Each structure stands twice: as C-alpha cells, then as structure tokens.
Amino acid sequence: MDATAIEIKINNFTPLRVVSAYARFCAEINRKFPKKDFLKILNSGNNLIIAGDLNAAHKTWNNTRSDNFGFFLKIIIQNYPNARIVAPFCSDHLPVILTLYTNSDAMKIPAQLSTNRENFRFLLKNKSLPILSSPSNEPLDVAIGRLGENISQALVAASKPKFKTAPIKLPPDIRSKIRHRNWVRKFWQRFREPALKNELRTISNEISSYIRYLSRARWEKTIEELSPETDTFWKHSAFLKKPFHHIPPP
C-alpha cells in the first residue's frame, strides 16, 4: 500500500492527520488486501482521515457488487467502533475538490503574486477548523467548502500583486524561438561550430527585433491613452520636467 500523510495542527485543537492511501489491486494474481499496512495507518492516530483509492467495493457503501478487498475492509472497520466509511453512492472513491476563491485576477497567476508567509500563517492560525455535524456526505462538502474559504481569505489578506500592471506575455512562437536560441547557444558553447554561431546570431536578431517592435507598440498605445481628464497626461509629463542624471557604472 502506498501512503502519504500530513498533520494539521491549529492552535489548541487536536491535531488532524490526513493520509492519502492507494491499495494496488490485480485480479490476475488474486492479491490480498494489505491488512498489515492498513492497520498500521489506522492505528497511527485518533483524529485520522484516510482518503484515496483502496480498490474496495462493497454493497454496504452502495456499490453494485462486493469484491475481496471490500470484504476485508468491512471486517476491519467493524472492529473499530469509532471508525466509519464515507463513500459516494456508486463508487469506492471519495474525491474531494478544494477550491480557493481569491476574487482577484492577479491571484490566479502565482508568478505575479507576493505573499507574506508569516501573515498567512498567522491569519490561518486564528481561523477555527470546520466541525462535521453528521457523518453524511452533505455536511462533509459544507465543511470542505468552509475550509477552502478560510484558506482563500487568509491568502487574499496576506498577498498583494507584484506589479501594478501585468508584464507583457510573449506569444508562443517567440517563446519557442527563445527556447530554441538557448538550445543552440548551449551547443555552440560546447562544440564551437560556425554554423551554430550563424544560427544563434540569426535567431537572436529575430527575437530582439520583435521585442523592440512589441515595446514600441506598447509605448504608442500608452501615448494614445494619455488624457488630461484622467491625470495620466500630467503624470507622464512630470517625468520630462525632472532633470536626468547619468549615473556611471561602478
């Protein structure tokens, strides 16, 4: 059995251990349920959630048929009165989708987001964990939704965009040329072939030419959008009034 576990501890609440488990099943070799591994996980803590794919089907949790893994899992759970199986109506899986609603376009691009991790940890620490009111699926979905809201609110409060305006994203063909240029440069530095040098020079000139064109088009668009009514005209003209000081390199 493959398993990965994390432990969630907030304030003085009892730590919650979440285990992602996968039980391999192969009908050809009639493999037995990994009872030893499962019991080791089950006995690892009192406040425990085991989620994943156990390949265990049983009519008790609304499967159309029961299999070998399902019989073994049912017998094990019967010996643990505080344990329960929560499964959907027609599957042995319980997928959980945790959606973080940031309500901000900038938050959708992690590269443009600056998050203060200490503030995020502090804000998240002061939010209480959702408590299940009953063992059915509906309260579980509500609790997962509240957990997602808590994380989202803490993330938004502790984050800010890195840029006032998003940086220009180059078209896919130019990004492909940049990757190809880097590849050619690496091989030219290794083998020093004249043909590679010529190809490197050609691709570099094409990339530089397009970036200059893109920068010029962006500047022209900025000039066209200047207006005294929105104060953008005066903000840009103020830079022209400031004296320019050339700072030589060290």
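This is a tour of a predicted model, stop by stop, with residues to select at each stop.

**Whole chain**

Start with the cartoon view. The protein chain has seven helices and five strands. Followed along the sequence, they come in the pattern β-β-α-β-α-β-α-α-β-α-α-α. Colour by burial if your viewer allows it: of the 250 residues of the protein chain, 23% count as buried. Among contacts with a separation of 6 or more, 59% are between residues 24 or more positions apart.

**The largest nonpolar core**

Select Phe33, Phe38, Leu54 and Leu73. These belong to the largest nonpolar core, which has 15 residues, and they touch the most other members. The elements giving two or more residues to this core are β2 (16-22), α1 (35-42) and α2. Helix α2 supplies the largest share, four residues.

Now centre on Phe38 and show what surrounds this side chain. Leaving out residues up to four places away in sequence, Phe38 touches Met1, Phe33, Ile50, Leu54, Leu73, Ile76 and Ile77. Another core lies apart from this one; it has eight residues, among them Ile174, Ile178, Trp188 and Leu196. In soluble globular proteins, nonpolar side chains tend to be buried together.

**Down the axis of α2**

Select α2, residues 68-78, and turn the view until you look along the helix. Which residues of α2 are buried? They are Phe69, Gly70, Leu73, Ile76 and Ile77. In this view the buried residues fall within an arc of 130°, so they line one face of the helix. An α-helix has 3.6 residues a turn, so residues three or four places apart point the same way. Show α1 as well: the buried residues of α2 pack against α1. On the other side of α2, select Ile75 and Gln78, which are exposed.

**The loop before α2**

Step back along the chain to the loop between β3 (48-53) and α2. Select Asp67, which lies in this loop. Asp67 is buried yet has no salt bridge. The nearest side chain of opposite charge is Arg65, 4.2 Å away. That distance falls outside the cut-off for a salt bridge, because the nitrogen must be within 4 Å of the carboxyl oxygen.

What does the side chain of Asp67 reach at 2.7 Å? Draw the distance to the backbone nitrogen of Gly70, one of the buried residues of α2. Asp67 also touches Asn55, Ala56 and Ala57, not counting residues up to four places away in sequence.

Move to Asn55, which is in the loop between β3 and α2. Asn55 is not a glycine, but its phi is positive, at about 50°.

**Three salt bridges**

How many salt bridges does a search of the whole structure find? There are three, and each can be selected as a pair.

- Arg17 and Glu7: the closest N and O atoms are 3.1 Å apart. Arg17 lies in strand β2 and Glu7 in strand β1 (residues 2-8), so the pair ties together parts that are ten residues apart in sequence. Arg17 is partly exposed, with a relative accessible area of 26%; Glu7 is also partly exposed, at 49%.
- Arg121 and Glu118: the closest N and O atoms are 3.1 Å apart. Both residues lie in helix α3 (residues 117-125), three residues apart, about one turn of the helix. Arg121 is partly exposed, with a relative accessible area of 49%, whereas Glu118 counts as exposed at 54%.
- Lys177 and Glu206: the side chains meet at 2.9 Å, N to O. This pair links distant parts of the chain, with Lys177 in helix α5 and Glu206 in helix α6, 29 residues apart. Lys177 is partly exposed at 34% relative accessibility, and Glu206 is partly exposed at 36%.

**Between α5 and α6**

Stay with these helices for the last stop. Select Arg192, placed in the loop between α5 (172-191) and α6 (194-224). Is Arg192 buried or exposed? At 51% relative accessibility, Arg192 counts as exposed, because the cut-off for exposed is over 50%. Check the backbone here too: phi of Arg192 is near 55°, a positive value in a residue other than glycine.

Definitions and conventions
Residues numbered from 1 in each chain as written. Predicted model: local features only at pLDDT ≥ 70, side-chain atom pairs only at ≥ 80, totals over all residues. Heavy atoms only, no water. Buried < 20%, exposed > 50% of the residue type's maximum accessible area, 1.4 Å probe, protein only. Core = buried A, V, L, I, M, F, W, Y, C linked by side-chain atoms within 4.5 Å. Contact = heavy atoms within 4.5 Å. Lys, Arg positive; Asp, Glu negative; His and termini not counted. Polar contact = N/O pair within 3.5 Å; in protein donor to acceptor, adjacent residues only side chain to side chain. Arc of directions from axis to C-beta.
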